[in-house]
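Reader: I would like a close look at a single part of this model, the place where two helices of one chain cross, and then a careful account of how the rest of what can be described is arranged around it. Please take the helix pair before anything else.

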There are 2 protein chains.
Amino acid sequence: MSLSKTVRKLQVESPVPADIDIANSVEPLHIAEISKELNLSPTHYDLYGKYKAKVLLSVLDEVKGSGDGYYVVVGGITPTPLGEGKSTTTVGLCQALGAFLDKKVVTCLRQPSQGPTFGIKGGAAGGGYSQVIPMDEFNLHLTGDIHAITAANNLLAAAIDTRIFHEASQSDKALFNRLCPANKEGKRSFNDIMFRRLKKLGIAKTRPEDLTPEEVKKFARLDIDPDSITWRRVMDVNDRFLRKISIGQGPDEKGMVRETGFDISVASEIMAVLALTTSLADMRERLGKMVIGNSKAGDPITADDLGVGGTLTVLMKDAINPTLMQTLEGTPVLVHAGPFANIAHGNSSIVADKIALKLVGPGGFVVTEAGFGADIGVEKFMNIKCRYSGLTPQCAVIVATIRALKMHGGGPEVVAGRPLDHAYLNENVGLVEAGCVNLARHIANTKAYGVNVVVAVNKFSTDTEAEMNAVRKAALAAGAYDAVICTHHAHGGKGAVDLGIAVQKACENVTQPLKFLYPLDVSIKDKVEAIAKSYGASGVEYSEQAEKQIEMYSRQGFSNLAICMAKTQYSFSHNASEKGAPSGFKLPIRDVRASIGAGFIYPLVGTMSTMPGLPTRPCFYDIDLDTTTGKVIGLS
Amino acid sequence: MSLSKTVRKLQVESPVPADIDIANSVEPLHIAEISKELNLSPTHYDLYGKYKAKVLLSVLDEVKGSGDGYYVVVGGITPTPLGEGKSTTTVGLCQALGAFLDKKVVTCLRQPSQGPTFGIKGGAAGGGYSQVIPMDEFNLHLTGDIHAITAANNLLAAAIDTRIFHEASQSDKALFNRLCPANKEGKRSFNDIMFRRLKKLGIAKTRPEDLTPEEVKKFARLDIDPDSITWRRVMDVNDRFLRKISIGQGPDEKGMVRETGFDISVASEIMAVLALTTSLADMRERLGKMVIGNSKAGDPITADDLGVGGTLTVLMKDAINPTLMQTLEGTPVLVHAGPFANIAHGNSSIVADKIALKLVGPGGFVVTEAGFGADIGVEKFMNIKCRYSGLTPQCAVIVATIRALKMHGGGPEVVAGRPLDHAYLNENVGLVEAGCVNLARHIANTKAYGVNVVVAVNKFSTDTEAEMNAVRKAALAAGAYDAVICTHHAHGGKGAVDLGIAVQKACENVTQPLKFLYPLDVSIKDKVEAIAKSYGASGVEYSEQAEKQIEMYSRQGFSNLAICMAKTQYSFSHNASEKGAPSGFKLPIRDVRASIGAGFIYPLVGTMSTMPGLPTRPCFYDIDLDTTTGKVIGLS
């Protein structure tokens with residue numbers, strides 16, 4: 001077999017140039033060429049410029065009968081604040097599989113938020129010679145999915161406050177007359193979305209005039225308890241001053257001031273819905289049943305109760321189609337959804353993975369990344385994403401760095417923006433060996449799902465042979481299928497060929513079925529405790545507020561949902577400074593919230609910031625447009 | 001000559017079906033076919049799906065030498081709250097020119113805000129058999145330009161509050177060290193955007209270490225006066241509860257609470273910049289010099305002072321390319337920018353018009369719409385848009401309805417959502433004749449710019465022959481070049497053929513050069529008074545606040561900008577209930593603000609709402625997605 005026609009040979013330089021310079025040095029192929037290699041015809045996608053295309057969900061209907069490729073998830077050990085190169089490894093592995101090992105392969109990645117891109121972190125297209133291009137389009141608007149989420153989320157927010165406002169000044173009858181106005185012939189009628197509410201209320205009548213005054217009141221007055229509202233507004237900007245605000249202070253809003261706040265857009269439940277949905281019809285149902293708070297009587301109020309579920313779906317109808325891009329070496333990438341990895345599940349979309357698995361077909365590979373450490377990302381990949389998708393992974397890659405292992409072994413604190421301690425720049429096999437307890441627990445936890453685990457050591461120039469051998473030894477001892485040293489950052493796919501071979505073997509030799517950590521049909525607390533044990537906790541402590549919420553969600557009929565822990569990524573425990581593999585601690589649950597449309601309950605372990613801030617000198621200082629060439633400069 | 005290949009014959013039904021049903025009944029052509037008819041090759045545009053393409057600004061360089069087509073602006077008389085069909089007439093006229101009169105024609109329209117689409121008003125793609133399709137794509141995300149504006153606007157807002165926050169807790173030196181950090185070799189440097197600030201401050205030094213402590217302070221400490229901040233956040237949603245808010249109430253923001261608010265996105269200065277810019281380089285300069293407020297010493301602080309002008313340009317780099325769509329009869333449409341018509345200038349973009357004029361070439365037609373009545377829309381089209389573009393229109397169409405003329409003649413109040421009084425449904429020539437004073441003043445004002453004025457009477461089924469004759473007579477008496485009855489809503493382009501012929505003659509027989517209402521190099525007050533006179537005012541009254549602001553802007557060197565009046569569209573005067581052609585009143589100026597990047601000063605005549613609200617039963621109740629076909633239903 002000859003290599004795919006789109007494969008591009010890289011000219012690698014040393015030392016590795018800046019990411020944007022590497023990205024700009026390669027002329028991307030027209031995305032139609034990438035599509036063609038995946039056997040997609042122009043009816044299967046919509047172009048968005050020359051280098052991006054939205055693959056239409058309808059492709060799934062066409063390929064329904066064909067077989068799936070291998071399904072590989074990339075997780076990581078507990079990271080340092082600098083990140084250990086999980087996205088880069090995901091891209092590098094795919095470049096190896098596609099450009100060197102002649103496999104059909106699709107990389108599935110999350111769409112990054114624009115907030116961090118302009119703040120501290122910079123972009124998320126991978127790095128060095130393992131990147132998605134065009135890197136600026138990947139990091140900026142892409143094909144507008146996050147903007148669609150922002151628009152939908154905020155329309156729902158406006159609908160909530162406006163409804164409370166209008167209910168406050170109108171009688172039941174006036175409200176009802178406005179909701180079901182008479183037409184020219186004096187006839188009233190319910191429309192489709194109103195029948196959803198009538199059904200929920202158990203009112204079987206179909207003509208507005210047949211409702212009793214009591215039913216009119218039940219139907220027309222949502223009676224939302226302002227203190228119960230959990231729906232916040234969102235913005236795809238790091239705007240810390242919006243974390244806590246008071247709204248409604250204008251004279252026309254008649255003193256109906258309320259405290260609320262903004263989250264960053266990727267923290268919206270609508271992002272989680274996008275990532276977990278499987279069809280337009282399913283998305284319509286999920287968006288409609290999102291709960292925004294309770295009525296004063298304690299009943300959950302949904303988007304459909306507010307009459308807006310259909311419009312939310314219309315706003316999201318294009319966003320459900322994943323975006324096709326390419327790597328530096330010309331292999332295909334599907335970018336789709338990027339839910340927060342703590343209050344949500346941190347994995348790219350089910351539909352992208354499903355489409356990709358069909359497109360690569362049997363013997364091909366789909367590599368998808370799970371955000372944060374494997375304790376969070378892989379756990380949620382398995383118990384939430386795979387449970388809802390019905391897909392079965394064969395292999396999990398766990399990315400480790402010598403740097404992070406040294407930190408877990410007792411090395412000094414690693415702080416973003418500060419120079420690294422010399423312990424991290426010089427050989428110290430002892431620290432590495434000690435830190436492997438963290439890797440070992442991630443391996444054991446991940447293996448328990450029934451997949452083969454391959455450890456990828458993302459090599460830095462300062463890492464030594466002895467250090468890397470120590471990791472390999474520890475990984476194999478902990479039950480890894482293989483452990484491989486990778487240099488894809490410096491060498492592109494060529495640097496991850498060994499990893500590609502190991503992953504292929506791991507996929508071909510699975511012996512176990514997929515096993516979840518917990519069944520859905522046990523109590524919320526049983527599920528939380530199963531996850532806590534995987535962290536090394538000896539038990540769970542619930543705050544009074546958490547107990548109250550669990551009781552409420554159980555009463556409302558939501559106890560059979562999956563659990564999505566909102567926990568720090570910097571430790572197995574709730575305490576970010578506890579490195580290695582802590583055990584015997586009690587995991588404290590401060591509060592419990594729910595994303596009913598997305599389909600999970602999320603216990604808060606500690607305080608999660610859902611709106612980042614900007615530093616004194618944000619990345620944006622360096623970014624500009626070369627107005628002669630139209631090229632973006634300074635993006636990192 | 002044969003008609004353009006893309007022309008499509010309409011099957012017209014009576015009575016006219018709902019807009020969305022007409023729109024959905026026609027299968028749009030692939031936009032590549034529309035492009036081809038305009039002699040655009042695939043290198044000239046980026047596809048966004050099958051029915052939208054962004055025409056690249058670089059097209060302008062290629063066609064630099066060729067001639068322009070005729071340039072027609074569509075304005076209206078002072079409208080009722082129901083609207084008089086200006087967009088519909090714009091589209092109908094173009095369908096007539098392109099599909100029946102065999103002319104090269106491009107319609108230039110504003111992109112509608114999504115807020116009103118889901119609120120009361122519904123979409124803005126025209127109506128009946130004169131529409132832009134696909135109507136749902138036109139009304140919803142389009143190609144993401146408004147989303148880009150939202151993102152850019154709010155990044156700047158976040159940069160302002162964060163900068164104040166960081167300056168509050170850091171010494172001059174610490175601030176400077178963070179802004180110009182030392183690299184690995186201990187060397188500091190200024191980057192490009194910092195040199196802009198240094199230049200503004202008159203500091204000629206190039207090495208950070210050469211700055212005196214006084215210069216370090218001047219450079220690093222913007223010292224923004226929180227009370228002077230005019231930059232607000234935006235959202236493309238009708239969210240009245242965000243009109244006035246308090247931000248910074250989170251514990252981490254240390255009590256730096258500030259009152260501010262959100263406007264709807266199309267009210268952002270960045271939208272006005274997009275509409276008035278002429279190139280990437282020009283946009284970069286305009287975005288950088290947008291003023292967000294003053295320092296405590298009273299100096300204007302710009303986006304570039306905050307280090308973010310380059311990033312704003314990067315966020316807007318695709319938005320600068322207009323979006324190509326099509327009418328129901330297959331003629332091309334460029335949709336681009338949609339600034340508010342009161343606090344901004346309410347006209348679609350200069351770049352779209354420029355590209356269109358070259359694409360149609362000599363003998364072809366570009367028809368562009370000016371928002372609100374001609375007193376506002378056409379005045380700003382001439383004195384702001386044409387002044388900055390250097391383009392010269394030949395003809396202005398003024399759209400009138402019998403309904404609106406009756407209102408101006410003394411008919412009862414017209415209220416959206418309430419049934420029309422019988423005066424509007426039965427013949428009443430007297431009311432029509434009396435109302436023509438409004439039309440006559442719009443004609444006289446518009447003629448004064450040197451263009452020929454054609455009146456288009458947008459006919460409703462209840463209008464009578466005698467009423468229409470009265471309008472024709474009055475229009476010609478007031479100096480109109482012609483006055484024509486149109487039925488494009490019911491018949492498509494066929495219903496506007498007479499209008500097309502009249503417009504063609506008007507364009508071919510211009511005798512006057514373009515004359516502005518005021519020169520730029522007089523005082524702010526002189527310019528305001530020139531405009532006030534065109535309204536019929538006998539003079540202007542300034543509030544104390546307005547006087548203060550005029551003094552400040554003059555002192556800051558901004559008095560040579562154009563004037564953009566923020567006045568009600570419902571009267572020539574400041575009082576919406578004064579119909580007809582009021583005169584002799586004093587025009588009150590409550591406040592004066594400025595959009596320095598866009599290039600105008602805007603006096604506020606009364607209170608302008610820049611954030612609409614939602615009604616009790618918003619349009620969104622009727623909108624849903626048919627999840628089987630993927631089609632939008634219920635959009636109006």
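Author: In this predicted model, helix H8 (residues 172-179) of chain B and helix H10 (residues 213-220) of chain B have axes that come within 9 Å and cross at roughly 65°. The crossing of H8(B) and H10(B) is left-handed. On the side of H8(B), the residues that take part are Asp172(B), Leu175(B), Phe176(B) and Leu179(B), and they meet Val216(B), Lys217(B), Phe219(B) and Ala220(B) in H10(B). Sorted by class, this contact of H8(B) with H10(B) has six nonpolar residues and two charged ones, with no polar residue.

From the helix pair we can turn to the contact between the chains, to which chain B and chain A each bring 80 residues. The area buried between chain B and chain A is about 7,200 Å², and carbon and sulfur atoms give 63% of that area. Within chain B, the residues that lose the most area to chain A are Phe241(B), Thr616(B) and Tyr621(B), which together make up 12% of what that side buries.

The interface also holds charged and polar pairs: 14 salt bridges are found across the interface of chain B and chain A, and 43 residue pairs are found there in polar contact, with both residues at pLDDT 80 or more. Helix H7 (residues 145-169) of chain B gives the most to the side of chain B that touches chain A, contributing twelve residues. By class, that side of chain B has 39 nonpolar, 21 polar and 20 charged residues. As an individual example of a charged pair, the side chains of Arg240(A) and Glu253(B) meet in a salt bridge, with a distance of 2.8 Å from N to O.

Over all chains, a search of the whole structure finds 74 salt bridges. One within chain A is formed by Glu84(A) and Arg403(A), whose closest N and O atoms are 3.4 Å apart. That pair links distant parts of the chain, since Glu84(A) is in the loop between strand S3 (70-76) and helix H4 (86-99) of chain A, while Arg403(A) is in helix H16 (residues 402-408) of chain A, 319 residues apart.

There remain some details of the backbone. In chain A, a cis peptide bond with omega of about 0° joins Ser14(A) and Pro15(A), and Pro15(A) is placed in the segment before helix H1 (19-25) of chain A. A cis peptide bond also joins Ile133(A) and Pro134(A), with omega of about -10°, and here the proline, Pro134(A), is in the loop between strand S6 (130-133) and helix H6 (135-139) of chain A.

Positive phi values complete this account. Asp102(A), a residue other than glycine, has a positive phi near 60°, and Asp102(A) is found in the loop between H4 and strand S4 (105-109) of chain A. In chain B, Leu142(B) has a positive phi of about 50° although it is not a glycine, and Leu142(B) lies in the loop between helix H6 (135-139) and H7 of chain B, the H7 that gives the most to the side of chain B touching chain A.

Terms used
Residues numbered from 1 in each chain as written. Chains lettered and ligands numbered in written order. Predicted model: local features only at pLDDT ≥ 70, side-chain atom pairs only at ≥ 80, totals over all residues. Heavy atoms only, no water. Axes fitted to C-alpha atoms, helices over the stretch in contact; angles between N-to-C directions. Helix = DSSP H or I, 4+ residues; strand = E, 2+ residues; numbered from the N terminus. Left-handed = near helix turned anticlockwise from the far one by under 90°. Contact = heavy atoms within 4.5 Å. Nonpolar A, V, L, I, M, F, W, Y, C, P; charged D, E, K, R; others polar. Buried area = accessible area lost by both parts, 1.4 Å probe. Salt bridge = Lys/Arg side-chain N within 4 Å of Asp/Glu carboxyl O. Polar contact = N/O pair within 3.5 Å; in protein donor to acceptor, adjacent residues only side chain to side chain.
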